[in-house]
Amino acid sequence: MRSRRGMMALLLGLGIAGCQADPNAPYLWGIGDPVRGAAFYAQRNFGDTSRWKGQPDRAAVAVEQLEFLTSEFATNPIYAPAVNPAVLQTLQAARAEMRGFLGIPDNADPQVVIEAMRRAGAALRAGNRAGAEAALSGPAFPAGPQVMLERMSNMPFLPRCANAAGMAAAEIARLDRMRV
């Protein structure tokens with residue numbers, strides 16, 4: 001039992017170290033479950049969106065991770081049947097809050113938003129503003145890329161997102177306890 005806990009602590013520590021360098025890196029270098037990884041890092045990524053003021057690349061990660069978790073908790077065959085419906089409803093409310101602030105339509109395809117934010121964040125980290133603007137063009141972003149980047153650079157604290165971040169992490173911990 002003690003060695004199992006030690007191994008879990010080591011893996012978690014390695015995962016934290018790996019994700020801090022590249023927020024879009026696969027959880028535990030691809031051997032971990034990306035849904036678990038997104039839930040574990042939800043507090044950091046979208047728990048306080050105001051911390052990303054002036055960092056649109058980090059705001060892109062927050063948007064991407066919120067969209068990803070909401071979509072996965074609703075549709076993933078492993079998580080959808082097991083997730084507490086209140087957690088999913090809270091994530092959906094947080095996504096609506098985030099989309100409302102950014103001007104992303106309610107009916108935008110989550111996968112389109114996820115991929116666009118992933119590309120925009122990567123482009124911004126590489127210093128490629130034109131690439132970020134290209135990623136944020138299209139019907140999912142009717143305000144246009146410049147407005148999107150401005151909004152992502154001035155993220156306020158979004159209380160529903162903060163609440164959803166805590167609930168997502170707690171839900172994964174609850175599901176882990178049920179599996180043991």
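How many residues does α4 have, and how far does α4 reach from its first C-alpha to its last? In this predicted model, α4 has 20 residues and reaches 28 Å, close to the 28 Å expected at 1.5 Å a residue. Let's use this helix as a way into the rest of the structure. It's a mostly covered one, too: 17 of the 20 residues in α4 are buried.

What is α4 packed into? A good place to look is the largest nonpolar core, which has 47 residues. Among these, F46, L69, F73 and M117 touch the most other members. Quite a few helices chip in: α2 (34-40), α3 (42-46), α4 (56-75), α5 (85-102), α6 (110-125), α7 (129-135), α8 (145-153) and α9 (159-179) each give two or more residues to this core. The largest share comes from α4, with eight residues. As a bit of background, nonpolar side chains tend to be buried together in soluble globular proteins.

Take F46 for a closer look at the core. If you skip the neighbours within four places in sequence, F46 is in contact with A62, Q65, L66 and L69, along with L91, C161, A162, A164 and A165.

Now for the charged side chains. The structure has seven salt bridges, and a couple of them involve α4. One joins E64 to R118, with the closest N and O atoms 2.5 Å apart. Since E64 lies in helix α4 and R118 in helix α6, this pair ties together parts that are 54 residues apart in sequence. Are the two partners buried or exposed? E64 has a relative accessible area of just 2%, so E64 is buried. R118, at 30%, is partly exposed. This bridge isn't the end of the story, either: E64, E115 and R118 are linked in a network of salt bridges.

Another salt bridge pairs R99 with E67, and here the closest N and O atoms are 2.7 Å apart. R99 lies in helix α5 and E67 in helix α4, so the pair ties together parts that are 32 residues apart in sequence. Both R99 and E67 are buried.

Not every bridge has to join two helices. R129 forms a salt bridge with E133, with 3.1 Å between the closest N and O atoms. R129 and E133 sit four residues apart in helix α7, which means about one helical turn separates them. It helps to remember that an α-helix has 3.6 residues a turn, so residues three or four places apart point the same way. As for R129, its relative accessibility is 44%, so R129 counts as partly exposed.

Let's go back to α4 and see how it meets α8. Packed helices like these can be described by the angle between their axes and the distance between the axes. For α4 and α8, the angle is about 90 degrees and the axes are 8 Å apart. The two helices are therefore roughly perpendicular to each other. On the α4 side, P56, A59 and A60 make the contact, while α8 brings L149, M152 and S153.

S153 makes a nice last stop. This residue lies in helix α8, and S153 counts as buried because its relative accessibility is 19%, with the cut-off for buried being under 20%. Which residues does S153 touch, not counting those up to four places away in sequence? They are W52, K53, G54 and P56. P56 brings us back to where we began, as one of the α4 residues that make the contact with α8.

Note on methods. Residues numbered from 1 in each chain as written. Predicted model: local features only at pLDDT ≥ 70, side-chain atom pairs only at ≥ 80, totals over all residues. Heavy atoms only, no water. Core = buried A, V, L, I, M, F, W, Y, C linked by side-chain atoms within 4.5 Å. Buried < 20%, exposed > 50% of the residue type's maximum accessible area, 1.4 Å probe, protein only. Contact = heavy atoms within 4.5 Å. Expected span 1.5 Å × (residues − 1). Salt bridge = Lys/Arg side-chain N within 4 Å of Asp/Glu carboxyl O. Axes fitted to C-alpha atoms, helices over the stretch in contact; angles between N-to-C directions. Parallel < 35°, antiparallel > 145°, perpendicular 65-115°, else oblique.
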